[in-house]
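Here's a quick tour of a protein fold, pitched for someone just getting started. Keep the 3D view open and click along as you read.

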Amino acid sequence: MNAEGEAASPLVLSPEDLAEISKRGVPRLFRERTVLVTEGDKTNALYIIVEGRVRAYVSDPNGREAVLSVMGPGEYFGEVAFDDGPRSASVVTLEPCQVLVVSRTEFEDFLDENPAFARHFINKLIHRIRTLTQNVRSLSLMDAYGRVARLLLDSAVTKGGEQYIPERLTQADIASRVGCSREMVSRIFKDLVQGHYISIEPDRIVINRKPPAHW
């Protein structure tokens, strides 16, 4: 549990693990909108976020993007390339970031010496597989409304009896994550607000009640 009584995310490093692995990493500072990893590159470093947020995405030759995830302090990325394959996605900073860059050799030594962290690493990969499976299911079987509603519920936290999304997702952000147009997201949001399912506040989206499974 954290200081506010919420369970820690299984994707976030504990303070103890972060302190230990920090000894093996090189701290780097990056400006907002800096591309840290490019899809298709052949690199073998792990990146651990100390401060700031990043966005992982894939793109096509026409410049269209699909957002895979947004990560913050205590999360890490780059582990998929440890099979000597190319990077499977690009990662860009959303704000100024402090990142630890850990080489493959250092990380493998850390795993050998810290079996508890190795379990954390495996659980993170399992979570990634589950998330990808859910995304494929949504894209294949859900309409645009269903994908938007699921994203809102999956992104929400509950605190003080209120369910909300702690960051203000723009309609363009949501469109890129669920694979539909911004105009479609705008129409869905209008219906959800009019139905009193959600409220749009300056810094967050509040879920007043669970949106219906189908519209």
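Below is a briefing on the sheets, the cores, the rings and a few odd spots in the backbone. Bear in mind that this is a predicted model. Two open sheets are worth finding early: one runs in the order β1-β8-β3-β6, and another runs β9-β10-β12-β11.

**The sheet with β1, β8, β3 and β6**

- This open sheet has 4 strands, and its pairing is antiparallel.
- As a bit of background, strands in a sheet pair through backbone hydrogen bonds, and they can do so in parallel or antiparallel fashion.
- In the middle of the order β1-β8-β3-β6, look for β3 (residues 45-51) and β8 (residues 97-103), which pair antiparallel over 6 bridges.
- To see that pairing residue by residue, start from Ile48, which sits opposite Leu100 in β8.
- Which strands stand at the edges? They are β1 (26-30) and β6 (76-77); each has a single partner strand, so one side of each has no neighbour in the sheet.
- Helix α2 (residues 104-113) lies across β3 and β8, and it runs at about 80° to β8.

**Zooming in on Val102**

- Val102 belongs to strand β8.
- Is Val102 buried or exposed? It's buried, with a relative accessible area of 0%.
- Not counting neighbours within four places in sequence, Val102 is in contact with several residues, including Ile21, Asn44, Leu46 and Ile48.
- Phe107 and Arg24 are also among the contacts of Val102.
- Arg24 is 78 residues away from Val102 along the chain, yet their C-alpha atoms are separated by 6.3 Å.

**The sheet with β9, β10, β12 and β11**

- Here again you'll find 4 strands in an open sheet with antiparallel pairing.
- The edge strands are β9 (157-159) and β11 (198-201), and each of them pairs on one side only.
- On average, neighbouring strands of this sheet are turned by 35° against each other, if you ignore direction.
- Strands β11 and β12 run antiparallel and are joined by 4 bridges; Glu201 stands opposite Arg204 in β12.
- Helix α4 lies across β9, β10 (162-165), β11 and β12, at about 110° to β10.
- Helix α6 packs on the sheet as well, touching β11 and β12, and its direction makes about 110° with that of β11.

**The nonpolar cores**

- A handy rule of thumb: in soluble globular proteins, nonpolar side chains tend to be buried together.
- The largest nonpolar core in this model has 21 residues.
- Which members touch the most other members of that core? They are Val148, Leu152, Ile174, Val185, Phe189, Leu192 and Ile198.
- Four elements each supply at least two residues of this core: α4 (144-155), α5 (171-178), α6 (182-194) and β12 (204-207).
- Helix α4 gives the largest share, 6 residues.
- Pick Val148 to see the packing: leaving out residues up to four places away in sequence, Val148 touches Ile174, Val178, Val185, Ile188 and Phe189.
- There's a second, separate core of 14 residues, which includes Ile49, Val54, Ala56 and Val91.
- Back in α5, the buried residues include Ile174, Ala175, Ser176 and Val178.

**Rings, and charges over rings**

- Searching the whole structure turns up 6 aromatic pairs.
- One of these is Tyr47 with Phe77, a stacked pair at 5.1 Å centre to centre, with 0° between the planes.
- Tyr47 is in strand β3 and Phe77 is in strand β6, so the pair ties together parts that are 30 residues apart in sequence.
- Tyr47 and Phe77 are both buried.
- Elsewhere, Tyr76, Phe107, Phe110, Phe117 and Phe121 make up one aromatic cluster.
- Two arginines sit over rings: Arg204 lies over the face of Tyr164, 4.5 Å from the ring centre, and the charged end of Arg209 sits over the ring of Tyr197, 4.0 Å from its centre.

**Positive phi angles**

- Arg33 isn't a glycine, but it has a positive phi of about 65°.
- You'll find Arg33 in the loop between β1 and β2 (35-37), where it's exposed, with a relative accessible area of 70%.
- His196, also not a glycine, has a positive phi of about 60°.
- His196 lies in the loop between α6 and β11, and at 59% relative accessibility it counts as exposed.
- Gly179, just after α5, takes a positive phi of about 75°.

Definitions and conventions
Residues are numbered from 1 along each chain as its sequence is written. Side-chain values use heavy atoms; hydrogens and water are left out. A nonpolar core is a set of buried Ala, Val, Leu, Ile, Met, Phe, Trp, Tyr and Cys residues joined through side-chain atoms within 4.5 Å. Buried means under 20% relative accessible area, exposed over 50%, partly exposed in between (1.4 Å probe, protein chains only). Contact means heavy atoms within 4.5 Å. Two strands pair if DSSP finds at least two bridges between them. Axes are lines fitted to C-alpha atoms, for helices over the stretch in contact, and angles run from 0 to 180 degrees between N-to-C directions. Rings of Phe, Tyr and Trp (its six-membered ring) pair if their centres lie within 6.5 Å; planes under 30 degrees apart count as stacked, over 60 as edge-to-face and the rest as tilted. A charge sits over a ring if NZ of Lys or CZ of Arg is within 6 Å of the ring centre and within 35 degrees of the ring normal.
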